[in-house]
Amino acid sequence: MSQASLAKPPRSAEKSAAATVLSMLWRDKLAFVSVIVLLFVFLCALLGPALLGDLATDQNLRGRNSPPFDLSRGWAFVLGGDALGRPMLARLIYAARSTMLVAAGAVIASLIVGALFGLVAGYMGKTVSQVIMRLADVIMSFPSLLIAVVVLYVLGPSILNMILVLAITRIPIYLRTTRAEVLEVRERMFVQAAIVMGASHWRIIGRHILPQVAPTLITIATLDFAFVMLAESSLSFLGIGIQPPDVTWGLMVSQGRPYLGNAWWLAFWPGLCIVITTLALNLLSNWMRVALDPAQRWRLEARSTTDE
Amino acid sequence: MKPLLVGALLASTSVTSALAQTGTDITVVLSEELDLVEPCMATRSNIGRVIMQNISETLTELDVRGDAGLMPRLAESWEDKGNGTWQFKLRQGVTFSDGSAFDAGDVKHSFDRVFSEAITCESKRYFADTKLTFDVVDDTTINVKAEPAQPILPLLMSLVTIVPSETPMEFVRDPIGTGPYVMTEWTAGQQIVLDRRDGYWGAQPAVTKATYVFRSEPAVRAGMVAAGEADIAPQITAEAADNPATDFAYPNSETVYLRLENLDAPTSDIRIRKALNAAIDREAFIGTLLPAGTELAVAMVPPTTLGWNPNLKPPAFDPELAKQLIAEAKADGVDTSLPIEIIARTENFPNVTEVAEALTQMLTDVGFNASLRMVEVAEHEQFYSKPYPEFEGTRLVVAQHDNSRGDPVFSMFFKYASDGTQSGVADPALDEMIAKASAATGDERAALWSETFAYVHDTIVADVLLFHMVGLSRVSERLDFTPTIATNAQLQLSEINFK
Amino acid sequence: MNDALLEVRNLSVDFHTARGTVHAVKQISWSVGRGETLAILGESGSGKSVSASAVMNLLDMPPAHIVEGEILFGGQDLLKVSYEEHRALNGKRIAMIFQDPLSHFNPVYSVGWQIIETMTAHGRPADQARARALELIARVGIPDPEAALHKYPHQFSGGQRQRLMIAMALMLKPDILIADEPTTALDVTIQAEVLALLKELQRETGMGLVLITHDLGVVAEIADRVVVMSKGEIVEQGTPREVYHAAKHPYTRQLIGAAHGKGEINILDIASPVLLEVKSLCKTYGAFTALNDVSLTLHRGQSLAVVGESGSGKSTLARAILRLEGVDSGQAVWKGRDLIGMTARDVLGMRREIQMVFQDPTQSLNPRMSVYQIISEGWDIHGLMPDRTARQAKVAELLEQVGLAPEHARRYPHQFSGGQRQRIAIARALALEPELIICDEAVSALDVSIQAQVIALLDGLRQRLGISFLFIAHDLGVVRDFADTVLVMKAGQIVESGPTGQIFSASQHPYTQKLLAANLDPDPDVQAQRRLRASDG
Amino acid sequence: MTKLIGQRAVASLLSLLVLMVLVFFLSRLTGDPAVLFLPIDATEEMKEQFRVLHGLDRPLLEQFNQYVLDLLQFDFGDSLRKARPALDLVLEAYAWTLPLALLTMTFVITAAIILGSLAAFKVGGFFDRLVSIVSLVGASAPDFWIAIVAIMVFSLSLGWLPTSGVGSVAHWILPMAVLFIRPFGLIVQVVRSSMLSAQSSAYVKTARAKGVKNLRLIFIHTLRNGMLPVITVIGDQAAAMLNGAVIVETIFGFPGVGKLMIDSILQRDFNVVLAAILVTAVAIFLMNILIDIAYGLLDPRIRQ
């Protein structure tokens with residue numbers, strides 16, 4: 001490990017990709033912790049609901065708002081109980097799934113659609129590009145609240161529809177970024193080189209342009225993940241977001257807000273979950289900015305740990 | 001750019017500060033802004049709280065503090081002339097805030113406005129099937145003829161505010177009334193100011209000036225009174241009401257219930273309806289999700305209403321009974337596995353979401369295939385009013401109904417008659433009972449309503465009646481004021497005194 | 001050496017980077033006196049600029065770390081003075097100009113503002129600074145100085161910008177001017193003018209000039225003394241003549257050997273068949289004429305050079321032949337078929353036969369593809385070599401052919417040096433076994449010694465594989481050792497063409513002659529003679 | 001420049017048209033305003049009367065034609081609920097939103113530039129990390145949560161500031177502070193990284209070689225260049241604020257356009273929604289032109 005990858009590194013290139021990524025992560029301790037946090041959240045989202053069973057949903061009106069750090073009601077109540085007497089900890093784990101589902105769904109959907117249109121807008125002629133950009137403008141100026149109400153009213157409140165609402169509002173971000181990057185990348189010499197070799201449009205887009213654009217998009221997506229979580233909670237606050245029995249952290253904060261004065265833990269823990277996850281995503285995206293760029297990657301590649 | 005900003009700041013500072021209330025001026029913090037300050041819309045509670053009896057007055061007034069029943073206001077007396085005609089003797093020496101004198105012509109004009117095609121006045125709905133003809137006898141006497149005869153016409157008169165006959169047939173922005181206050185300022189989005197006026201016919205109230213401001217967050221409203229920025233916060237939540245010295249609970253005339261469709265499977269079976277009633281642990285909500293003081297409902301109207309039946313008992317919480325009833329129904333071929341969707345509206349009342357979640361859980365616990373759907377107000381209306389959308393199972397609509405008018409007639413037809421807009425029942429016997437009670441007067445009327453309530457509650461178990469709600473108001477300690485059941489719909493400044 | 005104005009003694013500088021410590025310069029010493037010109041000669045990575053940056057306190061510390069040494073100026077050690085004292089010297093007593101004046105001017109302020117700031121930053125009144133600026137702008141040969149004052153850097157040409165940069169440096173009549181590659185990005189004729197200007201100004205002011213360069217020609221033209229640097233060390237020093245004629249260190253000798261213009265001149269084999277015939281190509285961009293009736297003939301196995309300064313239309317010609325750009329009129333007949341009118345489908349076939357090597361290999365290689373992917377991409381496109389093992393073998397073979405190792409196939413472009421990258425680009429071009437390779441300034445971005453290697457490689461390929469080359473360059477010297485025929489372009493037109501030997505020895509057109517004259521010879525004696533002749537004529 | 005603005009205007013006008021059509025028809029999918037305006041017990045006749053009064057009974061296309069015709073005469077229609085011209089309501093709300101947005105953005109920009117520049121000056125230092133962490137954490141918390149906690153702490157517990165409303169200068173502090181957090185967190189990061197890359201630019205080297213002082217180096221030479229990417233982000237954030245700060249306005253009872261918008265959407269007050277969207281779009285268009293002008297002022301290369 002201490003072998004520096006100096007000037008011309010015939011370093012054990014056989015090292016598996018996973019190991020390389022791990023060691024690069026280890027170099028940035030904050031990103032490392034972030035990944036652990038996110039993995040944990042992801043595991044909660046994946047397995048939590050199945051493991052918890054009814055623990056997260058069983059109500060107890062007469063034992064509501066029990067204070068945190070009291071183990072007399074079992075480990076699940078270590079973070080207190082909510083307004084319906086359900087254990088906060090179990091609720092948080094249970095809510096992780098839909099929170100992640102909404103955020104990831106919205107981000108992935110908007111990323112795919114936005115990037116696709118952005119590629120087309122950036123690569124195709126001026127007319128197509130103009131039409132797409134104007135459409136993006138329209139979406140940008142379309143108030144997300146109205147989209148939310150339209151979708152909610154016409155399609156009903158569900159996680160899928162919430163994903164739809166949030167995805168629509170985020171499309172322009174990816175579209176604009178992709179287009180701007182494509183406009184720049186397509187003028188680069190290696191794209192010209194590919195044309196000289198006879199590469200088709202799809203090949204140029206897929207092999208030469210997309211890989212250059214992807215890291216930027218992924219970095220933005222990571223940040224956007226955080227943004228979407230906050231946007232979702234804002235919609236919940238306004239009463240046009242996720243509705244029970246579905247539950248997300250954002251909804252929990254919103255529902256806990258009347259209790260801030262006398263049962264702070266109802267809104268505090270889910271808020272903390274959002275802050276921590278958002279923070280982790282931000283730090284991870286900073287790391288990715290470097291790690292996904294081959295020219296900068298060396299900064300994170302293994303080197304003597306005694307180096308400062 | 002700078003002058004603009006500085007200007008904006010200066011402008012905002014020039015607005016009277018709401019801080020540090022002193023003397024006899026008060027500030028009231030309401031939950032939502034008023035769209036209109038239109039007298040004929042005063043029956044809408046958020047408008048009524050500002051206008052009703054403060055700016056505009058009515059001919060009659062229902063006593064909610066004592067048991068005086070219907071009291072004179074702008075009408076000094078009234079009598080049934082028979083044949084559906086009532087004669088009202090009007091108070092003399094009353095002037096509007098614009099200086100003009102009040103007479104019978106104003107009363108006629110006020111009603112003409114209500115029934116006008118040019119504006120959509122709320123109070124019109126109370127006269128849905130009644131045709132009124134006005135006959136101005138002299139300046140202080142007016143005959144009102146109702147077809148068909150309307151036994152509670154004097155009570156209905158407490159719902160229509162009187163405006164001067166010059167008032168145009170469109171929504172006004174500067175309401176003129178006979179009340180003790182006059183609106184002196186309306187800054188959209190910010191505040192409405194009422195000033196006490198000279199020349200009011202009655203006793204001068206203690207409050208000289210009332211400023212109404214609007215904050216949607218209950219914690220903020222409660223906090224404003226605590227911080228001295230406001231004197232009355234009529235609607236706060238139980239969570240925010242943590243100071244017994246300032247926070248009052250009072251029945252607010254709202255009744256929460258689950259509307260069942262008696263024609264839909266599986267709720268068409270009375271055993272299922274009984275099971276639903278038995279499955280709900282009503283007591284568990286009180287003092288937890290709902291404020292202490294909330295009462296269990298046995299009728300659509302609060303106990304202060306005419307004909308309320310004290311003999312009815314709320315169904316006991318008995319999950320075993322519920323399960324047994326379901327099993328019986330199932331044995332008789334009722335498909336008890338059909339989905340039951342509980343429809344509740346966000347922000348219908350404080351903690352509505354939690355209440356709906358708990359209800360769902362309770363129904364699920366006894367074996368119903370229940371699920372919850374929270375909807376927003378426009379969508380709720382679709383489920384609540386006819387025609388109801390199709391559904392494979394049945395929908396239970398969580399609804400809140402307000403009747404502070406003292407008579408069940410304002411509720412029973414809509415909620416229980418076959419043609420009622422929000423009715424889940426189609427029972428000819430019940431239709432007849434409602435019609436009979438509506439037409440009756442006096443003690444007979446009370447008895448008939450009583451009977452009807454019993455029929456609905458015990459005989460056909462038409463719905464799942466849940467709670468008579470309480471409202472919570474925070475009142476500054478410097479005021480001598482106790483909120484009442486009417487505080488929901490009106491807030492008479494003349495009832496407020498200073499300690 | 002006692003009259004040295006500025007003296008660097010035993011300076012060692014380390015850079016602490018994530019990859020470990022790099023010794024940027026090791027115990028180097030040099031000095032420069034009044035009126036003297038010292039050249040610091042070296043290739044990229046030799047550390048030639050480090051000592052100058054240390055003099056100006058421009059090293060970022062960290063990562064830089066001055067290990068030892070001293071820099072003596074006006075009786076004090078510049079490494080020991082305070083930041084504020086050092087700042088007071090910068091621009092006033094010691095000034096510096098840089099390569100690439102476009103990026104070294106602040107793009108958002110007017111040129112006048114920036115020139116005047118040199119004086120106001122040192123407390124001189126603004127009106128005085130303005131007068132001085134006008135005087136100097138006129139002196140460096142910018143027309144209409146009053147107007148120039150208010151213009152922005154991007155509104156000038158490259159040569160003008162460098163002149164303005166010089167004016168800015170000379171505002172306070174510094175004792176020392178450090179010029180870091182001042183002419184590298186400029187056309188040869190402009191380079192000659194700028195060097196002449198520097199020399200004149202030096203004569204006028206008597207300042208000491210430290211000139212950092214990679215170009216032996218520049219050294220030969222201007223330097224009184226030269227230090228040669230390699231890998232952070234001074235390997236040779238003396239007068240340019242001493243160094244050129246009696247180099248002791250192998251590196252210096254290699255450097256001198258790499259200078260072009262020494263080898264045999266290639267002769268065109270007229271017997272070989274015609275491969276490409278360009279007829280009357282015309283192309284305009286708005287009012288600008290990029291190609292004006294350009295015609296040329298290229299034979300199989302020929303290496304045809306197109307030489308011209310920036311804006312001459314030489315790159316447009318290459319791009320037009322490759323169908324990367326349309327033309328207004330004309331033909332380009334490739335093996336009997338007109339490339340210009342070809343359908344998209346036919347173009348694909350043509351793409352295999354004509355390949356291109358671009359100027360900057362850093363940009364022409366996709367940074368996210370491995371060398372293997374880069375080289376084999378052409379096969380994917382044209383559906384060739386489906387067999388994986390055969391492919392791997394062929395990639396390895398190609399890498400060896402261009403002087404790289406087969407195991408390099410797994411790496412990514414950023415892991416290579418500039419010369420290595422250009423070899424990868426050549427391997428990529430070779431992979432499709434083309435008949436013609438168009439090299440667009442393929443060696444301009446490379447160090448001299450690397451240039452020589454790459455040119456030797458191309459020449460070898462031409463001889464062994466019989467590939468034809470269309471070689472586009474701005475520098476006549478570069479093409480002498482490689483091309484058999486030279487076309488000289490100016491303003492979209494071919495002004496002269498002929499066999500290489502003829503162009504170099506008996507050029508007809510004055511522009512060609514001017515180019516040749518401006519092309520600096522690495523031999524100080526040759527340059528001295530030329531100067532003599534120029535001053536006579 | 002004028003030509004650029006002209007092109008932009010044409011493009012924006014097209015987008016505006018599409019936007020108007022979309023909003024007009026989509027909003028009418030969301031239900032009948034009559035049932036929301038009238039009480040639940042209202043008769044069908046009353047509802048019908050309401051619809052007739054507001055032309056909601058006519059075919060959708062006819063309604064749209066009428067709307068466009070009115071719009072051409074600068075008539076945005078009346079609010080269905082407030083019986084007032086929709087445009088008046090929107091402009092009144094803007095009189096609050098505009099100063100709030102401008103003031104907050106002024107503070108955000110000032111603070112972000114100063115703190116971001118200073119953080120970039122000593123990368124990895126204590127101050128740099130402090131700014132990064134505080135801005136990240138602040139920007140990661142739901143704003144309604146921050147708003148309510150801020151009221152509890154500063155108004156109720158400490159009693160320093162009024163809880164809400166718009167009476168005096170003090171009333172503006174909390175809403176502005178809450179509104180400040182997120183754009184600040186974002187912009188300070190952009191300023192920092194932009195300043196970092198500007199600092200390593202070649203022209204900074206030239207300036208140092210000229211003997212330019214440090215502070216002048218940061219705030220005269222680097223900042224103007226570093227501001228170019230920042231302006232884009234500032235534009236986006238300002239646009240978001242011109243859309244109204246829904247949450248902050250709702251909680252603090254601030255009569256801005258965000259509150260007006262959410263209320264109108266929830267109440268299906270179509271004319272107000274449309275007017276608000278159109279006015280906002282124009283405001284954002286004007287702001288984008290300001291941004292373009294700012295670009296031109298900062299960077300002479302863009303002026304041509």
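# Exercises on a predicted four-chain model

**Exercise 1. Chains B and D**

In this model, 41 residues of chain D are in contact with 42 residues of chain B. The model is predicted. Which elements of chain D each supply at least two residues of the side that touches chain B, and which gives the largest share?

*Solution.* Start with the elements: α2 (33–37), α3 (44–53), α5 (86–121), α7 (143–157) and α11 (246–252) of chain D each supply at least two residues to that side. Next, look for the largest share: α5(D) gives it, with six residues. Now sort the side of chain D that touches chain B by class: 23 residues are nonpolar, 13 are polar and five are charged. Finally, set this pair among the others: of the five pairs of chains in contact, B and D share the most contacts.

**Exercise 2. Chain C and its neighbours**

Find how many residues chain C and chain D each bring to their contact, and state how far apart the closest C-alpha atoms of chain B and chain C lie.

*Solution.* First, count both sides: 23 residues come from chain C and 17 residues from chain D. On the side of chain C that touches chain D, the elements giving two or more residues are α2 (83–89), β6 (94–97), α3 (101–104) and α4 (111–120) of chain C. That side of chain C holds 11 nonpolar, eight polar and four charged residues. Then turn to chains B and C: no contact joins them, and their closest C-alpha atoms are 25 Å apart.

**Exercise 3. Two helices of chain D**

Describe how helix α8 (residues 169–199) and helix α10 (residues 214–242) of chain D pack.

*Solution.* Begin with the geometry: the axes of the two helices lie 8 Å apart, at an angle of about 150 degrees. Angles over 145 degrees count as roughly antiparallel, so α8(D) is roughly antiparallel to α10(D). The crossing of α8(D) past α10(D) is right-handed. Next, pick out residues: among those of α8(D) in the contact are D:Pro183, D:Leu186 and D:Ile187, and those they and their fellows meet in α10(D) include D:Thr222, D:Asn225 and D:Gly226. By class, the contact of α8(D) with α10(D) has 11 nonpolar, six polar and no charged residues.

**Exercise 4. Two helices of chain A**

Is the crossing of α9(A) past α10(A) left-handed or right-handed?

*Solution.* Locate the helices: α9 covers residues 249–256 of chain A and α10 covers residues 265–291 of chain A. Their axes come within 8 Å and cross at roughly 150 degrees, which means that α9(A) is roughly antiparallel to α10(A). The crossing is left-handed. Residues of α9(A) in this contact include A:Trp249 and A:Met252, while those of α10(A) include A:Leu266 and A:Pro270. The contact of α9(A) with α10(A) divides into eight nonpolar, three polar and no charged residues.

**Exercise 5. The core and one glutamine**

Which residues touch the most other members of the largest nonpolar core, and why does C:Gln415 count as buried?

*Solution.* Take the core first: among its 504 residues, C:Phe471 and D:Val90 touch the most other members. Helix α3 (residues 88–123) of chain A provides the largest share of this core, 18 residues. Beyond its neighbours within four places in sequence, D:Val90 is in contact with D:Val257, D:Leu260, D:Val272, D:Ala275, D:Ala276 and D:Val279. Now for the glutamine: C:Gln415 sits in the loop between α16 (388–401) and α17 (418–431) of chain C. C:Gln415 counts as buried because it has 20 C-beta neighbours inside 10 Å.

Terms used:
Residues are numbered from 1 along each chain as its sequence is written. Chains are lettered from A and ligands numbered from 1 in the order in which they are written. This is a predicted model: local features need pLDDT of at least 70, side-chain atom pairs count only at pLDDT 80 or more; totals for chains, interfaces and linings use all residues. Two residues are in contact if their C-beta atoms, placed from the backbone, lie within 7 Å. Helices (H or I, at least four residues) and strands (E, at least two) are DSSP runs, numbered from the N terminus. Ala, Val, Leu, Ile, Met, Phe, Trp, Tyr, Cys and Pro count as nonpolar, Asp, Glu, Lys and Arg as charged, and the others, Gly among them, as polar. Axes are lines fitted to C-alpha atoms, for helices over the stretch in contact, and angles run from 0 to 180 degrees between N-to-C directions. Angles under 35 degrees count as roughly parallel, over 145 as roughly antiparallel, 65 to 115 as roughly perpendicular and the rest as oblique. A crossing is left-handed if the near helix is turned anticlockwise from the far one by less than a right angle, and right-handed if clockwise. A nonpolar core is a set of buried Ala, Val, Leu, Ile, Met, Phe, Trp, Tyr and Cys residues joined through C-beta atoms within 7 Å. A residue is buried if 20 or more other C-beta atoms lie within 10 Å of its own, exposed if 12 or fewer, and partly exposed in between; C-beta atoms are placed from the backbone.
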